[in-house]
Amino acid sequence: MDSKINGDDDKEEVLAEASKLKWSSRKEFIISLVGYSLGLADIWRVPYLTYRNGGGAFLIPYIFFMVACGMPLYFLEILTSQYAGKGTWRVWDICPLFRGLGITFLIVNLILAVYYMMRKAWTIEYIVASCSIELPWTSCGNKWNTPGCVQSGNLVTNAYPAYNSSNVTMRVNESANSVSLGGNDTSLVYMSSVEEFWNYKILDISSGIDDIGELNWKYLLYILACHVIVWLSLIKSIQSIGKMMYITTITPVVLTIILWIRALTLPGATAGMSYFITPDFTRLAKSEVWIEAAFMAFYTLGPAWGGLAMYGSHNRFSDNCYRDAVISTVLTASYGLFNGLVTFSVIGVLSHESGIPLDKVITSGGFSLGFVAFPQAITYFPFPQVWAFIFFLVLLLPGLDAQTVMMEPILCVIEENFPKTIGKRRIPLLTGLTVITFIMGIPFASQAGVYMFQLLDWYAGTWTILLVAVTEAIVFSWVYGGDRLSRDVSLMLGRRLPLFVRVTTAFVTPTALTFLVLVSVFKYKPPTYGTYVYPGYAQIIGWCFALVSLVPFFIYMAWLVKRQRGSLKERFVSLLKPSTEWGPADENSVPVYRASERTYTRSFKRLAWFNLTGRGGFDKFATEVGVDIPEMYAMNRDGRV
């Protein structure tokens, strides 16, 4: 190597980062990435949003945001953490001013880890109910049923002979599969047995968020059991996570295929799938479609949540993370689309059997879809207990995936903040965190739990995630710079930063997401649960949860600026540069990195030109010092240096 690139290098930092646990194989890493992206909500939330927003029309902006905005950030989060061997907190040595994003990731994941566990308790209760001789949601003779209960499948077609009477009117509740009869009987509300099972048996729902009611101790046991499973899967970090992902990622795919094959044998399945892939292009003129597609793309793929940096930090320096990111994105998107076909085939069966038009058959929205519409559709299957058991097992396993990848970034931030204090005390830390999340989740097992659940689901991890995504895109492309990223990719992968990633991260992602955030704020509507409207104080609490993860970020930023020396401008300039601890985890690449940082001069105009055209950057430096970066990559990969 040329003497021009020799310098004083601190190898201790490099060796410390290189000592991190590594993934056992690339296959395990890719499967874990897919498991990271596929959560419980994605299995029915994408199909429901597609259903609500004009069928295939929703898929156009959804795929656009996933590919044009989600995948580039997905790749760059893995890239930067793999390059430096740093996790969710220390990866922000890349730009110390934004290190507080690590706190944001910790808080967002902690909030989700607390309330998302309740969804698993509900799912387990459905699995238990599926083992009954008769599915309990198919009849009205149970102790939780009301006088207005209507046996599942008979709600519209058979239940009410009085529909034809001139003095009777029917009002459909858009958020629940229920009707109330006007005329002579305005007090009685009719509801399908499947939704009464959900509201009065599973939820045992109270009158509102301020009516806490009683705790369901059985749910607390379910939650405790799930926490124990997650605890076991996190004991050895990625070594245990990777093994768990083989089961929790692959099994739902197999079960989904089985469910789809069964649905295809029933009438109506083809019509349902046709609705899924047939777009209503007029819906694309509505901003709500694009806003929900953007939220869902980041919700599904998972950039800006902090977990990818934790995953990437355990890669080897020369692992082809670009290939892995593309494969994972394609698999995630493909499974999402396939799951949509399966979902709509089941909805088509429900439409055919009930006689309700396909675009009217689903009235339960959001997370209730999996607990109301699908149990009702499964009642039309032969041996419904078997299919119900399979379906809810499909929901449970990705939920355990999601819980695991929420907890690990929290551990990563704490461990990287206090490496000497924590040391090898991972198990006590994990145990303490598990106990805390369990205790914080106790209120969600009350009769008002579903109101709390939806309130947090509405506010936490929505606008925050898009704002973090915009911030990351700006930091990667304009602060650290696309030119630096291209150099780093060359050292790691023997190629320049892909044109698609460079352009979308620099221009498309910041512009599109900023616009959508502004539009969504102006079009904001407070949450409701069925006909229940949250009181004003609950909405204030919701906004507090939306902001609680961002406020510490700004406080930490102000603290960093205050403790820095020099004028205000000098402080910001210093904090916007990579810290002295930043650099490649591969010790053979450190001299190239240090020398290029000393030699290369950059202006905003030159950076903008590079981001747009890919010309300039560090290529000139490499030519001047005689470094063949692709050859150096090959030597590092093969261990010849």
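In helix 11, the buried residues (under 20% relative accessible area, with over 50% counted as exposed and values in between as partly exposed, using a 1.4 Å probe and protein chains only) are Val289, Ile291, Glu292, Ala293, Ala294, Met296, Ala297, Phe298, Tyr299, Thr300 and Leu301. Helices here are DSSP runs of H or I with at least four residues, numbered from the N terminus. The structure is a predicted model, in which local features need pLDDT of at least 70 and side-chain atom pairs count only at pLDDT 80 or more, while totals for chains, interfaces and linings use all residues. Residues are numbered from 1 along each chain as its sequence is written, and side-chain values use heavy atoms, leaving out hydrogens and water.

Because eleven of its 15 residues are buried, helix 11 is largely enclosed by the rest of the structure. This helix covers residues 287–301 and reaches 21 Å from its first C-alpha to its last, close to the expected 21 Å (1.5 Å times one less than the number of residues). Gly302 follows helix 11 and has a positive phi, near 100°.

Helix 15 offers a good next stop. The largest nonpolar core (buried Ala, Val, Leu, Ile, Met, Phe, Trp, Tyr and Cys residues joined through side-chain atoms within 4.5 Å) has 188 residues, and those with the most contacts inside it are Phe75, Trp122 and Tyr311. Helix 15 supplies the largest share of this core, 17 residues. Met407 lies in helix 15, which spans residues 384–417, and is buried at a relative accessible area of 1%. Setting aside residues up to four places away in sequence, Met407 is in contact (heavy atoms within 4.5 Å) with Ala113, Val230, Leu234, Leu433, Thr434 and Thr437. Of these partners, Ala113 is 294 residues from Met407 in sequence, yet their C-alpha atoms are 6.8 Å apart in space.

Helix packing can be followed in helix 4 (residues 59–84) and helix 20 (residues 499–522), which meet at an angle of about 120° with axes 9 Å apart. Helix 4 is therefore oblique to helix 20 (neither under 35 degrees, over 145, nor 65 to 115). The residues of helix 4 that take part include Phe64, Phe65 and Phe75, and those of helix 20 include Phe500, Val508 and Leu516.

Finally, Gln447 sits in the loop between helix 17 (426–440) and helix 18 (449–459). Gln447 counts as buried, at 17% relative accessibility. Among the residues that Gln447 touches are Leu203, Asp204, Ile212 and Glu214.

Notes:
Helices (H or I, at least four residues) and strands (E, at least two) are DSSP runs, numbered from the N terminus. Axes are lines fitted to C-alpha atoms, for helices over the stretch in contact, and angles run from 0 to 180 degrees between N-to-C directions.
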